[in-house]
Amino acid sequence: MPTPMPKENEIERKWYVVDADGKVLGRLATRIATILRGKHKPLFAPHLDVGDHVVVLNAEKIHLTGRKLQNKQYRWHTGYIGGLREVSAEKMLKTHPERMIEWAVQGMLPKNRLGRAMAKKLKVYRGAEHPHQAQQPQVLEVK
């Protein structure tokens, strides 16, 4: 019995909406990464992008456990000489809460062009409004 391989036109992509209000960042990111990757589907193939779209709302109300708010550091390089930047999670939550969720999810996806394609299906918004009502997203429960 051959293993069924889904073709690009056979893949059905759904839209899910997640409310991040009071959710723990890491647990939320793992659930989102699973949906983006498509591991919840019976047609999952590790070399194909079979995942769904995810819209995250209320990114500014995300929760970090322990002392991560003060101790966790986000680092990136600008590309210029001496351009290493470092910001605490507390400051990042105030300035760019969307970026915290995006980076947490991207760290759980494959590090290649397939992972970058999966990451494009993630839409994160600071507040409770989003422009994706036309796609009729379903509510995704995260424990």
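This report describes the fold, the sheet and three single residues of one protein.

**Overall build**

The model is predicted. The protein has 143 residues, and buried residues make up 38% of them. Its secondary structure comes to five helices and six strands. Along the sequence these elements follow the pattern β-α-β-α-β-β-α-α-α-β-β. Along the principal axes, the C-alpha atoms fill a box of roughly 55 × 35 × 30 Å.

Contacts between distant parts of the chain are well represented. Among contacts with a separation of 6 or more, 69% join residues 24 or more positions apart. The exposed area of the protein is about 9,200 Å². Carbon and sulfur atoms supply 51% of that area.

Charge comes next. The protein carries 26 positive and 14 negative side chains. The centres of the two sets lie 7 Å apart.

**The sheet**

Four strands form an open sheet, and their pairing is parallel. The strand order is β5-β2-β1-β6. Its edges are β5 (122-124) and β6 (138-139), each of which pairs on one side only.

Helix α1 (residues 25-37) packs on this sheet. Helix α1 touches β1, β2 (53-57) and β5. The direction of α1 makes about 155° with that of β2. Helix α4 (residues 97-106) lies across β2 and β5. The angle between α4 and β5 is about 155°.

Strand β1 spans residues 15-19. In the sheet order, β1 stands between β2 and β6. With β2, strand β1 pairs in the parallel sense over five bridges. In that pairing, Asp19 stands opposite Leu57 of β2. With β6, strand β1 pairs over two bridges, again in the parallel sense. Here Tyr16 stands opposite Gln138 of β6.

Why is β1 largely enclosed by the rest of the structure? Four of its five residues are buried, so the strand has cover from the rest of the structure along most of its length. Buried here means under 20% relative accessible area.

**Three single residues**

Two loop residues have positive phi values without being glycine. One is Asn58, with phi near 60°. Asn58 lies in the loop between β2 and α2 (68-71). The other is Gln136, whose phi is about 50°. Gln136 sits in the loop between β5 and β6, the two edge strands of the sheet.

Are these two residues buried or exposed? Asn58 counts as buried because its relative accessibility is 9%, under the 20% limit. Gln136 counts as exposed because its value is 67%, over the 50% limit.

Ala117 belongs to helix α5 (residues 113-119). Ala117 has 32% relative accessibility, so it counts as partly exposed. That value falls in between the two limits. Which residue lies 68 positions from Ala117 along the chain, with a C-alpha separation of 7.6 Å? That residue is Asp49.

The table sets out the accessibility of the three residues.

| Residue | Relative accessibility | Class |
|---|---|---|
| Asn58 | 9% | buried |
| Ala117 | 32% | partly exposed |
| Gln136 | 67% | exposed |

Definitions and conventions
Residues numbered from 1 in each chain as written. Predicted model: local features only at pLDDT ≥ 70, side-chain atom pairs only at ≥ 80, totals over all residues. Heavy atoms only, no water. Pairing = 2+ DSSP bridges. Contact = heavy atoms within 4.5 Å. Axes fitted to C-alpha atoms, helices over the stretch in contact; angles between N-to-C directions. Buried < 20%, exposed > 50% of the residue type's maximum accessible area, 1.4 Å probe, protein only. Areas by Shrake-Rupley, 256 points an atom, 1.4 Å probe, with all protein chains shown as cover. Lys, Arg positive; Asp, Glu negative; His and termini not counted. Charge placed at Lys NZ, Arg CZ, Asp CG, Glu CD.
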